[in-house]
Amino acid sequence: MSTTSPERAEVRAPRGRTAAPRLDARDRRRLERSITMPRTRTVITIPVVILILLWSFQGAQFDFLKLGDGAVNMGTFLGRLFPPTWDKFGTIAALLVETLQMAIVGTVLGAILSLLIAFGAASNIAPPWVYYPCRWLMNVIRSLPELVFALMFVSAVGLGPFAGILAMTLGSIGSIGKVFAEAMEAVDRGPIVAMQAVGASQRQIVQYGVLPQAAPLLVSYTLLLFEGNVRGATILGMVGAGGIGLELTTAMRMYDYGHLSAIVICIIVLVTVIDQASALIRRKIT
């Protein structure tokens, strides 16, 4: 003879009608929490956030009226970009290939070094005496823009793409290294605890318990780093660190708007192709 808990018992309904399930006290409290009024802390936080935003707008001198007045000048500038001139397309293509090569090398080196630093910056892997120095190192690197690194390496190794690659590699450690570490910290603790219980070494835990779970995120973030490095290489070229950036800056200084327009169009096409390819790869691995 089977018995049914009174909390889970279903209400008997007349013949032909479906019986409605009866919720126990725990499920009822969970559902009621979703429609409760905001807490006092939330009500106080919203005005504080609004005040901070208003203070930031005022301090940054953000002015919608000034933006409206400058819209005419922006329209004039955009009008000068057309039609583009393609007489230097060969130079643009060669520099875009150089930019792409810089991004590939910088991404590979940056991802490898970032992964090594991330092992030390993940709290579930590294001991405190390794964790905190690695975190501080990434904070220092992340606080400086890549243009500063590019200027430093240009003065060290001279003009050219090599300086840009070094700047992208060093800059990647601060940005993507932190994301790698957080992806490792977010893995499920179950397999790790099980491996620790059977006496697995730290290397085995990382190799078989952490990396397989974090691998999709690591690959996705690496592709995101590559997309950012393609755009970043364009900026680094403005300070002589190789790539299409120097040609872009020269066209702007010479008021060669047709050539400038052709460069911008080619950069947009390259970034769009890379973005679509990265999206396809991310769909395959997730």
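Select Ser-261 to begin: in this predicted model, Ser-261 lies within helix α11, which spans residues 257–285, and its relative accessible area of 4% falls under the 20% cut-off, so Ser-261 counts as buried. To see what surrounds it, add Leu-81, Phe-82 and Pro-84 to the selection, since these are the residues that Ser-261 contacts once its neighbours within four places in sequence are set aside.

Next, move to the largest nonpolar core, a group of 36 residues in which Met-184 and Val-210 have the most contacts. Colouring the helices will help here, because at least two residues of this core come from each of α4 (89–121), α5 (128–142), α6 (146–157), α7 (161–185), α8 (189–197) and α9 (202–236). Of these contributors, α7 gives the most, with ten residues.

Stay in this region and select Val-210, then show the residues it touches: apart from those up to four places away in sequence, they are Ile-125, Met-184, Val-187, Ile-192 and Ile-205. For comparison, select Leu-95, Phe-226, Val-230 and Ile-244, which are among the 18 residues of a second, separate core.

Finally, colour the chain by pLDDT, which averages 82 for the protein chain, with 86% of the residues scoring at least 70. Then select residues 1–11, where the pLDDT is below 50 and where the model nevertheless has 15 contacts beyond near neighbours in sequence.

Methods: Residues are numbered from 1 along each chain as its sequence is written. This is a predicted model: local features need pLDDT of at least 70, side-chain atom pairs count only at pLDDT 80 or more; totals for chains, interfaces and linings use all residues. Side-chain values use heavy atoms; hydrogens and water are left out. A nonpolar core is a set of buried Ala, Val, Leu, Ile, Met, Phe, Trp, Tyr and Cys residues joined through side-chain atoms within 4.5 Å. Buried means under 20% relative accessible area, exposed over 50%, partly exposed in between (1.4 Å probe, protein chains only). Helices (H or I, at least four residues) and strands (E, at least two) are DSSP runs, numbered from the N terminus. Contact means heavy atoms within 4.5 Å. pLDDT is the predictor's confidence in each residue, from 0 to 100.
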